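Student: Please take a close look at one part of this model, the sheet and what lies against it, and then place that part in its wider setting. I would like each geometric term pinned down as you go.

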Amino acid sequence: MTTEHPARIEVALGERAYPVLIGPGVRHRLPAEVARIGARRVVVVSARPPEWTPDPGVPHRVVPARDGEHDKTLATVEHLCRAFAEFGLTRTDAVVSCGGGTTTDVVGLAAGLYHRGIAVIHLPTSLLAQVDASVGGKTAVNLPEGKNLVGVYWQPRAVLCDTEHLTTLPERERRNGYGEIARAHFIGAGDLRGRPVAEQIAACVALKARVVAADERDGGLRHILNYGHTLGHALEVATGFRLRHGEAVGVGTVFAGRLAGVLGRIGPERVAEHREVVAGYGLDPELPAGVDHDELVALMRRDKKATAGLSFVLDGPDGPELVADVPPEAIHTALR
């Protein structure tokens, strides 16, 4: 995979379709993407140092950001929108995010709200953001009561997944991204273990693009993308975000297998496969020591999918699907 011929995946949403480019050096295509959408001015919100923050090729302002859940707040969104206003952005201009998944989430939400919607281009720089967070148009920030409770659907105009950015990641942050790749194993991406990272990213993006094109606003099929996330989000909150998103989703994926087994939806071999796959990506498959099971159940009740009792995306004879009204005793059994 070369800079000249990156992988290109289209998110097919009619007039709002957009490309996802994957490969080394694709960040340098930013000026061409800005020109394609006709933006005259750009604010670049970057959590990366100047040498890793590309020039969009038009008059622009760089607003520094920090990756991390603690800045994923409405206060950060207000700060960004005020920066857009101070620079004089209009609906004909654009915003660029350059950072990990929390940065794409917050910048995407700010872009979706400012002037009731301004174009946004994502340059995801972490493995987690490249395989998942930057694609699909879900933007959100957290409240003290839970993860991603305030957000909008706002699709980007392009996503540039530069694999050279991944060379700057600490080892823990690379493992963090593998939590999303591990869960993709159980929702249709196939076994990606041992494949080159660019192929792993492309397979996950292609899967997500198909699902989003079929169900943009989470009315049915898109629920499968939340595999492992219900417990995962609860674990993030319960640990004060000491457990990172992908790490928590890895544990949540093992739990989803255990819960499906408790409910008789899958057999012991498939249950064991969940743990094997997650551990195979170098992730800890165990619940962190000291987390309170009752607190986790209370947090899971606040999940956005919990419209009919406690709900989980679970494997089964017909593949993954949203299962509502799961009995609390089954959840406690699986947690134990």
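Tutor: Two strands pair if DSSP finds at least two bridges between them, and the elements themselves are DSSP runs numbered from the N terminus, helices being H or I over at least four residues and strands E over at least two. The model is predicted, with pLDDT of at least 70 required for local features and 80 or more for side-chain atom pairs, while totals for chains, interfaces and linings use all residues. Residues are numbered from 1 along each chain as its sequence is written, and side-chain values rest on heavy atoms, with hydrogens and water left out.

The sheet is open and consists of 7 strands in the order 1-2-9-6-5-3-4, with mixed pairing. Its edges are strand 1 (7-11) and strand 4 (60-64), each of which pairs on one side only. From one strand to the next the twist averages 15 degrees, where axes are lines fitted to C-alpha atoms, for helices over the stretch in contact, and angles run from 0 to 180 degrees between N-to-C directions. Within this order, strand 5 (residues 94-99) and strand 6 (residues 119-124) run parallel and are joined by 6 bridges, and in this pair G99 of strand 5 stands opposite P124 in strand 6.

Two helices that lie across the sheet can be described by their direction. Helix 3 (residues 101-113) lies across strand 3 (42-46), strand 5 and strand 6, and runs at about 165 degrees to strand 5. Helix 6 (residues 197-214) lies across strand 1 and strand 2 (18-23), and its angle to strand 1 is about 15 degrees.

Helix 3 also has a helical partner, since helix 2 (residues 74-87) packs on helix 3 at an angle of about 55 degrees with the axes 9 Å apart. That angle makes helix 2 oblique to helix 3, in a scheme where under 35 degrees is roughly parallel, over 145 roughly antiparallel, 65 to 115 roughly perpendicular and the rest oblique. With contact taken as heavy atoms within 4.5 Å, T76, V77, L80, C81 and F84 in helix 2 meet V106, V107, L109, A110, A111 and L113 in helix 3. By class this contact holds 10 nonpolar, 1 polar and no charged residues, where Ala, Val, Leu, Ile, Met, Phe, Trp, Tyr, Cys and Pro count as nonpolar, Asp, Glu, Lys and Arg as charged, and the others, Gly among them, as polar.

Apart from the sheet order, strand 7 (residues 138-143) and strand 8 (residues 146-153) pair in the antiparallel sense over 5 bridges. A hairpin of 2 residues joins strand 7 to strand 8, and K138 stands opposite Y153 in strand 8.

Turning to the wider setting, an automatic or database assignment supplies the domain bounds, dividing the protein into domain 1 (7-169) and domain 2 (221-335). Their centres, taken over C-alpha atoms, are separated by 29 Å, and 13 residues of domain 1 are in contact with 12 residues of domain 2.

Further along the chain, the axes of helix 5 (residues 171-184) and helix 8 come within 7 Å and cross at roughly 35 degrees. Here R172, N176, G179, E180 and R183 in helix 5 meet H245, G246, E247, V249, G250 and T253 in helix 8, and these residues divide into 1 nonpolar, 6 polar and 4 charged. Helix 8 (residues 245-262) also comes within 8 Å of helix 9 (residues 268-280), axis to axis, at a crossing of roughly 170 degrees, which makes helix 8 roughly antiparallel to helix 9. The residues in this contact include G250 and T253 of helix 8 and H274 and R275 of helix 9, and by class it has 3 nonpolar, 5 polar and 2 charged residues.
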